[in-house]
Amino acid sequence: LTSLTQTGGTMGGNGNYTVKNFSQTGGTVANAGNFSVENSFTQSEAGAIAVGGNIGLTQTTDSLVTTHLSGNHINLTANNGGVILGTVNARGVLTVNATGNITQSTSSTVKTDSAINLTSSRGDIELRNMGNDQDGIITASAKNITLADASNPICVLNATGNSALIAG
């Protein structure tokens, strides 16, 4: 599928969805399979993706901004910008790769039942919300890294600048 816009309702089913360009201004993607976007992704606060399988989102231009994601393994890539995370619940591994900064919106939480891998090739990583909770190892690589976590995380940090870890 080349392009899909969702303005409301629920898009469900048992199969996998792969689309080049996806815009979600409302509604929920709630299929049992995987959900992938290969080129361009936009999601407003009124949209949500909650799938039984994996989520793979690639933004080839600009920054990747998410508001509500829930799935097994979640892989987010911004080839030419940063990543701004909304609320993310990963039952598996969360992987975020960006050329710019990796941050999160003010009221969001990032939770995983497994590892989290964060890599920014030219920016900083700032996940400062104390509601964040990773059950696995957090691996982060960037210029400057600031992480907050509600529990006692195990971290591997590779910062060319400063790093700070705030644990609950």
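## The seven-strand sheet

In this predicted model, 7 strands form an open sheet with parallel pairing. Their order is β2-β4-β6-β9-β12-β15-β18. The edge strands are β2 (10-11) and β18 (133-134). Each of these two pairs on one side only.

Inside this sheet, β9 takes up residues 68-71 and β12 takes up residues 87-90. The two strands are parallel and share 4 bridges. One residue pair to find in the viewer is H68 with its bridge partner T87 in β12.

## The six-strand sheet

Another open sheet has 6 strands, again paired in parallel. The order here is β8-β11-β14-β17-β20-β22. β8 (64-65) and β22 (163-167) have a single partner strand each, so one side of each has no neighbour in the sheet.

At the β8 edge, the partner is β11 (residues 83-85), joined to β8 by 2 bridges. The two strands run parallel. V65 stands opposite I84 of β11.

## Strand β7 and its two partners

β7 covers residues 55-59, and its side chains alternate. I55, L57 and Q59 point to one face and are buried. G56 and T58 point to the other face and are not buried. In general, side chains of a regular strand alternate between the two faces of the sheet.

β7 pairs with β5 (residues 35-43) through 3 bridges, in parallel. There, V37 has L57 of β7 as its bridge partner. β7 also pairs with β10 (residues 74-78), in the parallel sense and over 5 bridges. In that pairing, Q59 stands opposite A78 of β10. Two of the buried residues of β7 thus mark its pairings: L57 is the partner of V37, and Q59 faces A78.

## The cavity

The search finds 1 cavity of 30 Å³ or more. The volume of the largest cavity is about 40 Å³. Its lining consists of I116, L118, L127, N132, Q134, I138, L147 and A148. Two elements give two or more residues to this lining: β16 (116-120) and β20 (145-149).

What is the make-up of the lining: nonpolar, polar or charged? The residues divide into 6 nonpolar and 2 polar, with no charged residue.

## L127, a lining residue

L127 lines the largest cavity and sits in strand β17 (residues 125-127). β17 is one of the strands of the six-strand sheet. Why does L127 count as buried? Its relative accessibility is 4%, and the cut-off for buried is under 20%.

Leaving out residues up to four places away in sequence, L127 touches L85, I102, T103, Q104, L118, N132, T146, L147 and A148. Among these contacts, L118, N132, L147 and A148 also line the cavity. I145 is 18 residues from L127 in sequence, yet the C-alpha atoms are 8.4 Å apart.

## The chain overall

The protein chain has 0 helices and 22 strands. Of its 168 residues, 41% count as buried. The C-alpha atoms fill a box of roughly 40 × 30 × 25 Å along the principal axes.

How does the radius of gyration compare with that of a compact globule? For 168 residues, a compact globule would come to near 15 Å, and the chain has 15 Å, so the two agree.

Contacts over long sequence distances are a further point. Take the contacts between residues at least 6 apart in sequence: 7% of them join residues at least 24 apart.

Key. Residues numbered from 1 in each chain as written. Predicted model: local features only at pLDDT ≥ 70, side-chain atom pairs only at ≥ 80, totals over all residues. Heavy atoms only, no water. 1 Å grid on protein atoms, 1.4 Å probe; cavity = no way out; pocket = protein on both sides within 12 Å on 5 of 7 lines; lining within 4 Å. Points joined across faces, edges and corners; volume = space filled by probe spheres on them. Nonpolar A, V, L, I, M, F, W, Y, C, P; charged D, E, K, R; others polar. Pairing = 2+ DSSP bridges. Buried < 20%, exposed > 50% of the residue type's maximum accessible area, 1.4 Å probe, protein only. Contact = heavy atoms within 4.5 Å. Rg over C-alpha atoms; globule rule 2.2 N^0.38 Å.
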